[in-house]
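Work through these exercises with the structure open beside you. Try each task before you read its solution.

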Amino acid sequence: MEKYLVRDLMVPLSEYATVHVGSTLFDAVLALEKAQEEFDHTKYKHRGVLILDKKNRVIGKLSHLHTLRALEPKHDDVNGIKELGQFGFSAKFVRSLRKQQRRQGAPLEDLCKKAMMLKVEEFMHITAEDEFIDHQATLDMAIHQLVQEKLLSLMVTQDGNTIGILRLADVFAAVYHAMKECTI
Amino acid sequence: MKALTELFDRIVQRVNINLRELAFDVRPFVKDLVPFNQLVKFYAFYGITPHHPLDFQFRHSNLAGSYFLGKCRTTNSILYKSDIRGDELKKKGDIFQYPGFEIPVSKDEGIRIEDSFLIKTLVHNYSHDPETLEKFFITNTVSTHYANIHGSPTDGSYLGPFSTVDLTTMNDCVIGAFSYVQASEISHLNIEPGTVWVRSPNNFNFLYRYPLDKLSHYIHFAAGAPPQGLLMDFVEDRKEAFQRVFEKVNIEQVSVPKSASLDRFAVLKPKTHISDNVLVAQRAFLQNAWMGKGANAQENCYIINARLEGFNVTAHGAKIIEADLGQNVFVGFNSFLRGRPDCRLTIGKDSIIMPHTIIDIKEPLKIPPDHLVWGLVTCAADLETHSISLKALSKINDAFSLGSMFFEGSGNSFVTAFRDRIHHILEANGALYDGMKNKGHAQKNQNISFNTIQPYPEGELKGVYPTIIIRP
């Protein structure tokens, strides 16, 4: 299995959803939809959007969770309910306060409308040094990096440029097939 | 002043090491906050009474303008105009009650201050930590103007101006200005300014946070400048009155009832009435104040144009102006209660004003009896979200929120804990003395002899006090 190289399993950047910095969350959602339509339907679907700078370098990633965070009414939290946990209040009490706050807050539709216009850089995860891997690295190295850093994907580089993304789902699929081969 | 400069740098470095996880740099806050020439100007003084152990040790420290009573030790520290009041420390043979334990105290408890810089800070009460019964330590800590360290062993922490840590063991924490914390044990927390937090694990939890934009009118502290705001202006405006009592070695005696105690370092202005069992501590300021039987004014309290009917606890740093308080009203630490001559503040009997409450009114305001009040109150409408009757609170068994206040747990336990504590304070202060029994501070602190000590006047050790050991 270690004979697999990262470049064999990665999704090329051209096949992945990308938007440039300055795009709105709505742009990102459209890009994701388009990439999913065009992608090989026998494979796992894309779950994120990569954010590129002006020189087309990957600077961040927007996952489902990051996008949903935009719907959190952070500006409505005038009483600082979010911070109650650190003062020893129970999760049950905090949940009930959130529920109350939600009931008094804007409906989900309005929050969606508002979130659509927000910029991706406000919510994206900024890619760190340990999230990059060379395209010629072996699969076991990639697994080690994913497990060690608890990552869902790695940015694949060649000569300093990002050329693709190695997804946890594809690595798992490769391992799964290898396991099946062993049992036959 | 080479030694003093090195001492300051050493303390700052030690505090910063402890607070590195919170990325808090104490240096810009305390640099030049107290000019070094001030540290040379003032003598320190210690009290001698037959009621408290005489056991002082001062090593490599500056103690400018500070007051010591009971068993205290300072090492490698700077204490500027601070009160180290060891008259409630545990004594050898006492039994310390802790849930599930009865722990005998093996020797007299002592306050140990090491590698710390305390500015106008009050240290009082005794260590409530069962792990350190005989040692009430304050180490690697910086505290600023009018902070209170009350029964709270503290290590590696910073306390902002007018903050209070009460009955809490604290490690590596930042306590913002005007915050009050009573939470048993805390570590590695950065508490925002204006937080009032009272937590008894498994019993109750109370939290209120001031709106910072409104709090800054009263107190604001940013690096590079001294603390600012109405609270600072208020005490600065009355500073001169204290100069007279501190400058004179012998001050004329003011007649008070035999069962009452008026500290010679308190300021008593005309038309003040002192009843039986009243305790007025050092650095308290009374002007046209009517102090009913068993009422008290603790350190840094200001009671002006006010009437306290009796058995009133005015905790350390509280200020009461143009107000009428019924019997048994408790006013918590550093509270600022200000009526106006034409619109007075009235507080009904048995009410509890939470620590760090600000009531600042421009229209008459009456707080009913048996109520709990917290936070910022500027008019009657504010009471709707900043008060609750003690009866209603006692019925709470789950959780509720009111305005910016959150409460969870047993309301009855909360009210009982406060009532018990108020009773204990009255007892300790001698408010319940009947001529025979229940002697407290008001009776025991009547005859205190004060001795003064001073630092090296010049040379490399200028500002540092020589090592002094004082024993019977």
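**Exercise 1. Take stock of chain A.** How many helices and strands does chain A have?

*Solution.* Count the elements: chain A has seven helices and eight strands. Remember that this is a predicted model. Next, take the extent. The C-alpha atoms of chain A fill a box of roughly 55 × 40 × 30 Å along the principal axes. Then check burial. Of the 184 residues in chain A, 23% are buried. Last, look at the contacts with a separation of 6 or more: 64% of them join residues 24 or more positions apart.

**Exercise 2. Split chain A into domains.** Which residues belong to domain 1 and which to domain 2 of chain A?

*Solution.* Start with domain 2: the domain assignment gives it residues 71-116. Domain 1 comes in two pieces, 6-68 and 118-183. Now place the two domains in space. Their centres, taken over C-alpha atoms, are 31 Å apart.

**Exercise 3. Order a sheet.** What is the strand order in the open sheet of four strands in chain A, and which strands stand at its edges?

*Solution.* Read across the sheet: the order is β2-β3-β4-β5 of chain A, and the pairing is mixed. Find the ends. β2 (18-20) and β5 (125-126) of chain A each have a single partner strand, so one side of each lacks a neighbour in the sheet. Now add the helix. Helix α2 (residues 25-38) of chain A packs on this sheet and touches β2, β3 and β4 (58-63) of chain A. The direction of this helix makes about 150° with that of β2(A).

Zoom in on one pair. Strands of a sheet pair through backbone hydrogen bonds, either parallel or antiparallel. β2(A) and β3 (residues 48-52) of chain A pair in the parallel sense, over three bridges. One position to find is A:T18, whose bridge partner in β3(A) is A:L50.

**Exercise 4. Find the two sides of a helix.** Which residues of α1(B) are buried?

*Solution.* First, size the helix. Helix α1 (residues 2-18) of chain B has 17 residues and reaches 25 Å from its first C-alpha to its last, close to the 24 Å expected. List the buried residues: B:L4, B:L7, B:F8, B:I11, B:V12, B:R14, B:V15 and B:N18. They cover an arc of only 160° around the axis, so they lie on the same side of α1(B). The spacing makes sense: an α-helix has 3.6 residues a turn, so residues three or four places apart point the same way.

Turn to the other side of α1(B). There, B:K2, B:T5, B:D9 and B:I17 are exposed. Finally, ask what the buried residues of α1(B) pack against. Their partners in chain B include α2 (27-30), α3 (36-41) and β5 (78-80).

Key: Residues are numbered from 1 along each chain as its sequence is written. Chains are lettered from A and ligands numbered from 1 in the order in which they are written. This is a predicted model: local features need pLDDT of at least 70, side-chain atom pairs count only at pLDDT 80 or more; totals for chains, interfaces and linings use all residues. Two strands pair if DSSP finds at least two bridges between them. Two residues are in contact if their C-beta atoms, placed from the backbone, lie within 7 Å. Axes are lines fitted to C-alpha atoms, for helices over the stretch in contact, and angles run from 0 to 180 degrees between N-to-C directions. Domain bounds come from an automatic or database domain assignment. The expected span of a helix is 1.5 Å times one less than its number of residues. A residue is buried if 20 or more other C-beta atoms lie within 10 Å of its own, exposed if 12 or fewer, and partly exposed in between; C-beta atoms are placed from the backbone. The arc is that of the directions from the helix axis to the C-beta atoms.
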